[in-house]
Every structure is written in C-alpha cells, then in structure tokens.
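Student: I am new to this structure and would like a close look at one helix and what surrounds it. Could you take me through it slowly, and then point out a few other places to look at?

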Amino acid sequence: MSRIGNNPVAIPAGITVDINDNVVTVKGKLGELSQEFSAVSIKVEDGNVFVERPSDSKEHKAKHGLYRSLINNMINGVSKGWTKQLELVGVGYRASNQGQKLDLALGFSHNIVLDIASEVQVETISDKGKNPIIKLTSSDKQLVGQVAAKIRGFRPPEPYKGKGVKFVGEVLRRKAGKSA
C-alpha cells in the first residue's frame, strides 16, 4: 500500500503556495497554476505543504495521495517545467511549426494542422539522417501529456515495423512478420 500522501511537499525558494476556499494556487517563475480539492485538508507550514485526510475511508485514502501528487507536480511545473518529446518514425513523416500551429505529414492524403494551446511551447527538430522530433514544454504536466497523447493518437506506432508517432525512449513491443 502506498503512503505517498503522508510525505510533505517541499516548497523551493521563489515559489508561493496559497490556499483559499478549496483551491490551491501555486505561483513561480514559469507561471501560475491552480487546483480545486475536496475531502482532504491542506496546510502550508515552514516551507512544506502537508495533505491530511479526515478518516481512513477508501475515498479519503485515494484523494490523499492524489492531491499530494497534484500539488507536487504543480510546484515542479512552476519551478522547472515539464517536457515531452515525440519522435516521428517512418518514411516521409515530417513535422513543422509556425508559432502555435503544428503541421504534421504522417502519410495521410493531407497534412494535419493542429492548434496547440498557448500555455504549451512547441518546437520541432529536424536533423538530416534522424527522425523528426516534436518537443512540448509547459508548466502544466496534465496539459503537456494531453497534447502529446493527442499528437500520438493521429498515428500510433505499429508493432511490425515500429512506424508512427512515439514518445522518445518508449519501448515498443515488436511482433515477428509472416513466416513463409
């Protein structure tokens, strides 16, 4: 059984944590994030955030660890930021961006043009002889993951040749082809 909710979350220098009416607001050099919470009590004492549950019921135990992890992710996001990198594997697969518009050529009859949320910075890296890489950066971990999952969903990697959009470092489960 995990006891992650019992661990305090350290607040680094330059980060402020405010709690008002069941809303936690974290401000830092990379932005401001807020999260609504319920069924737990959150306190800020001497540079740490403590999450406490009122009872040992199943709901309170689940939310105890959840809100502690969410607050930790918010603090890390406004201090360091979150990054996801996607790799395009396949002949003719390309990615380019103009500001917040991402243009993907993934082997369909037309290019996919995706408007990225303003909170997420997008960067495309195309080196000769290497697969194109899309780099997403933001202070909101949930938003970065959601945008990355949407891009990956356009062409998930297939198990035979590994072609498609995959996360950098993702290990694919490969299958053997037809045996004659």
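**A helix and its surroundings**

Tutor: Let's begin at the N-terminal end of helix α2, where Asp-140 acts as a cap: one of its side-chain oxygens lies 3.3 Å from the backbone nitrogen of Gln-142. Please keep in mind that this is a predicted model.

From there you can follow α2 through residues 141-154. The helix has 14 residues, and the distance from its first C-alpha to its last is 21 Å, close to the 20 Å expected at 1.5 Å a residue.

Now look at which side chains point inward. Leu-143, Val-144, Val-147, Ala-148 and Ile-151 are the buried residues to find in α2. If you turn the model and look down the axis of α2, these buried residues fall within an arc of 130°, so they line one face of the helix. The face turned away from that buried side carries Gln-142 and Gln-146, which are exposed. You have already met Gln-142, since its backbone nitrogen is the one that the Asp-140 side chain caps.

What lies over the buried residues? The cover includes several strands: β7 (82-89), β9 (101-105), β10 (112-115), β12 (133-138) and β13 (164-167).

One of the buried residues, Leu-143, also leads us to a loop. Glu-119 touches Leu-143, along with Thr-137 and Ser-138, leaving aside residues up to four places away in sequence. You will find Glu-119 in the loop between β10 and β11 (121-125). At 47% relative accessibility, Glu-119 counts as partly exposed. The C-alpha atoms of Glu-119 and Ser-138 are 6.2 Å apart, although 19 residues separate the two along the chain.

Next, here are two places where a charged side chain meets a ring. The charged end of Arg-155 sits over the ring of Phe-108, at 4.3 Å from its centre. Elsewhere, Lys-84 lies over the face of Phe-167, and here the distance to the ring centre is 5.2 Å.

Rings can also meet each other, and this structure holds one aromatic pair. The rings of Phe-37 and Tyr-67 have centres 6.4 Å apart and planes at 70°, so the pair is edge-to-face. Phe-37 belongs to the loop between β4 (31-36) and β5 (41-45), while Tyr-67 is in helix α1 (residues 58-79), so the pair ties together parts that are 30 residues apart in sequence. Both Phe-37 and Tyr-67 are buried.

Finally, come with me to the loop between β2 (16-20) and β3, where Asp-21 is found. Asp-21 has a positive phi of about 45° although it is not a glycine. Asn-22, in the loop between β2 and β3 as well, has a positive phi near 60° and is likewise a residue other than glycine. As for accessibility, Asp-21 is exposed, with a relative accessible area of 75%, and Asn-22 is partly exposed, at 44%.

Step into strand β3 (residues 23-28) and you reach Thr-25. Thr-25 is buried, with a relative accessible area of 15%. Not counting residues up to four places away in sequence, Thr-25 touches Thr-16, Val-17, Asp-18, Glu-32, Leu-33 and Ser-34.

Notes. Residues numbered from 1 in each chain as written. Predicted model: local features only at pLDDT ≥ 70, side-chain atom pairs only at ≥ 80, totals over all residues. Heavy atoms only, no water. Helix = DSSP H or I, 4+ residues; strand = E, 2+ residues; numbered from the N terminus. Expected span 1.5 Å × (residues − 1). Buried < 20%, exposed > 50% of the residue type's maximum accessible area, 1.4 Å probe, protein only. Arc of directions from axis to C-beta. Contact = heavy atoms within 4.5 Å. Polar contact = N/O pair within 3.5 Å; in protein donor to acceptor, adjacent residues only side chain to side chain. Phe/Tyr/Trp six-rings, centres within 6.5 Å; stacked < 30°, edge-to-face > 60°. Lys NZ or Arg CZ within 6 Å of the ring centre and 35° of its normal.
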